[in-house]
Amino acid sequence: MSGSSIANETIDHSKNREPFSFYKFITNKYFLNVVSIVAFLLIWDYVAKEKIFRDSLARPLEVVDQLYMLTYMKFAGTNLAGHIWASTQRVLIGFIAASIVAVPLGLFMALNKYVNAVVKPLFDLFKPMPPIAWVSIAILWFGIGEMSKVFIIIIGTFVPCLLNAYNGVRLVDPDLYDVVRVLGGNRRDEIFHVCFPASFPAVFAGLQISLSSAWTCVLAAELMNSRDGMGFLIKRGMDTHQPTLVLGGMVLIAAAAYGTSLLVTLLEKKLCPWKRTIENL
Amino acid sequence: MAYKEVTVKQPLLLTVLPYVSIAAFFIVWEFAVSSGVIPNELLASPSQVVSTFIDKLSNPNPDGAVMATHAWTSVQEAFIGYLLALLVGIPLGLAMGWFNVVEGLFRPIFELIRPIPPIAWIPLTVFWFGIGLAGKVFIIWIAGIVPCVINAYVGVRMTNPTLIQMARTYGANDWQIFTQLCIPSSLPMVFGALQLALAYCWTNLVAAELLAADSGLGFLITMGGRLGRPDIIVLGMICVGISGAIIGFIIDRVEKKLLAGIRR
Amino acid sequence: MAHKLKLHCDNVSKTFIQKGNQEVPVIRDVTLDVYENEFLVILGPGQCGKSTLLKIFAGLETPDTGYVTLDGQPIVGPGPDRGIVFQGYMLFAWKTVRDNVELGLKLRNIPKSERRDIGQHYIDMVGLTGFENHYPHQLSGGMKQRVGIARAYANSPNIMLLDEPFGQLDAQTRMFMQKETARIWEQERRTVIFVTNNIDEALYLGDRIILMEGKLPGTIKTSYDIDLPRPREHTNIDLLKLRATITDNTELVL
């Protein structure tokens, strides 16, 4: 949307060409970024090659090799795609189930102070308890199957979804309600024309936090007990002392977490075209 | 001008409802377990949890340590990891925000490591440091450093550009602007990181202890699970929640004291 | 002035509660008549209760004592018969210019094609033709307030209430918007109550100026009739004389 701004002034983006300078070149942002990544990989490779952590760190290329091997070889019953999907599926089920309930509940809590007075203290009670602390009791309740993993994810995603939706509505400029009322709207119009759209950005911020929490939870659940998934790869690598498998699992889960968060960002851009993009982070 | 003071009354129902709600929660829980609606193998009642707690204060069985030892282990690990995260993360974030060279060098690595959930590091830390203190401190450090860096970075970046220009016209150099202007103006963001980092540290501490530990509150929960003792699991969860809330409260207080002059 | 009485405000007082338990008297005993098709300006410095008075007219606040009638009917709540333009624009960031302007019509269930026509008429009137599908963040301050004005007019209210509408604009844009406001008022004759803290704005626009006391609680100090032809010039000698009188009558309380 940034290109269509209609300021009164026109801004000339063309800069005067500066003469080449060595200092400018080595402090250029992109040059430094490349240096940084290359140095990171080289140091990693060196540390692994020289066995500074004995045999507990794999070289970057070995990790790539391991991941490549898994794409065509079955490992514990399925190949790489199967493991990625197993974890992603759990995250998606838990995340969607939690957000479908938590976002409306959060909005509802913000709109009705009596509901809020009943529900909020219970959430304040559970909020300081890390979702991962539920792992043991989840296994006790639901066994070691899918249900216990999804349960952990729901626990981990529910609270941030709910709180952000709640705060999103509460932080709406109250004068905007006045506008609707002055234009002849009733309470229902206030909710649909102001509350919901105004809280959208906050809801999406909550979804982002929830998603990252969901990946942490699925990992914790899979590390505790599972037969497939990326956490399983890491756990198996830990038990059989294979650093390539551990590092491969870490790379995969980071990529998956990054990918899903990108999806949510894209969805937000699609659904909130009015939101100004805030630079970086 | 002094204004006349009046008292404003909230509807009685709104004042009472939160307490009713919490009381109802505990009563339903107690009743559901003691009446057998929820089998005792799956959940312990609040009264059982309390009696287990009193018992665990002096009895090291069945998990090998008394309550105080577990709590102390966890708090110690969390605190060391948290402090190290602040000591490294905040200066790094501040420097990344102001010095382009630092940003250029560290941002890519930071962005590479950021999406990895901290608990994914557990196996590597077990390989490297064993299951002792050092390994868990490392996990907690990784968990805590991310919000520190981000908030310090954003805090510096959000410094009012007009103030920076003003400082330049007064002849301040880069270093002076950084120390005299950018750091103070980023403080509210940095303090915001304290709470956030603590929450991250505490969550990941529990995860680290679940997988690799021989004492600590997370270990207590795991042992409860292995022994099939829901009272111990619930006790561990409640202790984790309460200690997390207490530490959060202390930090909130410290933050308010330190920020008294900055925030309006 | 042999005009018909439009709005009558009788002995209105209002007290706010601040910081939980402090009672702040904002308006005391304000009595005021507004006539049909009159451009009334309420002039006063910041913090003198004039915005609160306007909110009471709008029905967004209820007076503690006294009452307000519009066309003889007491005002009990906000309604589409009164159009308001707010100081902070108060546009809906998630609606385009068109949707913002048409909101009042939509809330009153006016069919889409009719809505489109009315909306377009007022968008054209405030000079925003071509910007119908822009979002508010893409507009300059002056343009945002034009949307605010169009939105209020589109509901075809009986009376327009403007609360320091140009307070956030720069001096040039402000002058330009004053000219536009005068033009629109000539074009669409309505009763207007315009709240401002700017004497020049008041003199340029008003048929009558109500001067408020410069401290809380707000009370009416005096009122001035301005029988000068339109369009006016800021440098008109009669205007400047009146300006001096009003300035002499305004003491600053800091």
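In what order do the elements of chain B run from the N terminus on? They run β-α-α-α-α-α-α-α-α-α-α. Counted up, the secondary structure of chain B comes to 10 helices and one strand. Before going on, please keep in mind that this is a predicted model.

## The three chains

Let's stay with chain B for a moment. Its radius of gyration is 24 Å, well over the 18 Å that the globule rule gives for 264 residues, so chain B is more spread out than a compact globule.

Now turn to chain A. Here you will find 11 helices and zero strands, so to read the elements from the N terminus on is to read α-α-α-α-α-α-α-α-α-α-α. The radius of gyration of chain A is 24 Å, whereas the globule rule gives 19 Å for 281 residues; the value for the chain is well over that, so chain A is more spread out than a compact globule.

Chain C has seven helices and 10 strands. Its radius of gyration of 18 Å is close to the 18 Å that the globule rule gives for 254 residues, so chain C is as compact as a globular protein of that length.

The table lists the spans of the C-alpha atoms along the principal axes.

| Chain | Approximate span along the principal axes |
|---|---|
| Chain A | about 75 × 70 × 30 Å |
| Chain B | about 75 × 65 × 30 Å |
| Chain C | roughly 50 × 45 × 40 Å |

## Where chain A meets chain B

How many residues does the contact take from chain A, and how many from chain B? Chain A gives 52 residues and chain B gives 54 residues. The size of an interface is often given as the accessible area lost when the parts come together. For chain A and chain B, the buried area is about 4700 Å², and carbon and sulfur atoms give 82% of it.

Which elements of chain A give two or more residues to the side that touches chain B? They are helix H2 (29–49), helix H5 (113–126), helix H6 (135–142), helix H9 (187–224), helix H10 (230–239) and helix H11 (243–271). By class, this side of chain A has 39 nonpolar, 10 polar and three charged residues.

What about specific pairs across the interface? Between chain A and chain B, the rule finds zero salt bridges. It does find four residue pairs in polar contact across the interface of chain A and chain B, with both residues at pLDDT 80 or more.

## Two domains inside chain A

Chain A can also be looked at in parts. The domain assignment gives domain 1 (19–57) and domain 2 (60–271) of chain A. Taken over C-alpha atoms, the centres of these two domains of chain A are 34 Å apart.

Six residues of domain 1 of chain A are in contact with five residues of domain 2 of chain A. The area buried between the two domains is about 510 Å², with 74% given by carbon and sulfur atoms. Which three residues supply more of the area that domain 1 buries against domain 2 than any other three? They are Trp44(A), Asp55(A) and Leu57(A), which supply 68% of that area.

Across the interface of domain 1 and domain 2 of chain A, the rule finds zero salt bridges. The count of residue pairs in polar contact across this domain interface, both at pLDDT 80 or more, is zero. By class, the side of domain 1 that touches domain 2 has three nonpolar, one polar and two charged residues.

## Salt bridges

Side chains of opposite charge can pair when their charged atoms come close. Over all chains, the structure holds 34 salt bridges. One of them joins Glu146(A) and Arg90(A), with the closest N and O atoms 2.8 Å apart. Glu146(A) lies in helix H7 (residues 146–170) of chain A and Arg90(A) in helix H4 (residues 80–111) of chain A, so this pair ties together parts that are 56 residues apart in sequence.

Key:
Residues are numbered from 1 along each chain as its sequence is written. Chains are lettered from A and ligands numbered from 1 in the order in which they are written. Side-chain values use heavy atoms; hydrogens and water are left out. Domain bounds come from an automatic or database domain assignment. Contact means heavy atoms within 4.5 Å. Buried area is the accessible area (1.4 Å probe) that two parts lose on being put together, summed over both. A salt bridge is a side-chain nitrogen of Lys or Arg within 4 Å of a carboxyl oxygen of Asp or Glu. A polar contact is a pair of N or O atoms within 3.5 Å; within protein, one must be able to donate a hydrogen and the other to accept it, and residues adjacent in sequence count only if both atoms are side-chain atoms. Ala, Val, Leu, Ile, Met, Phe, Trp, Tyr, Cys and Pro count as nonpolar, Asp, Glu, Lys and Arg as charged, and the others, Gly among them, as polar. Helices (H or I, at least four residues) and strands (E, at least two) are DSSP runs, numbered from the N terminus. The radius of gyration is taken over C-alpha atoms; the globule rule is 2.2 Å times the number of residues to the power 0.38.
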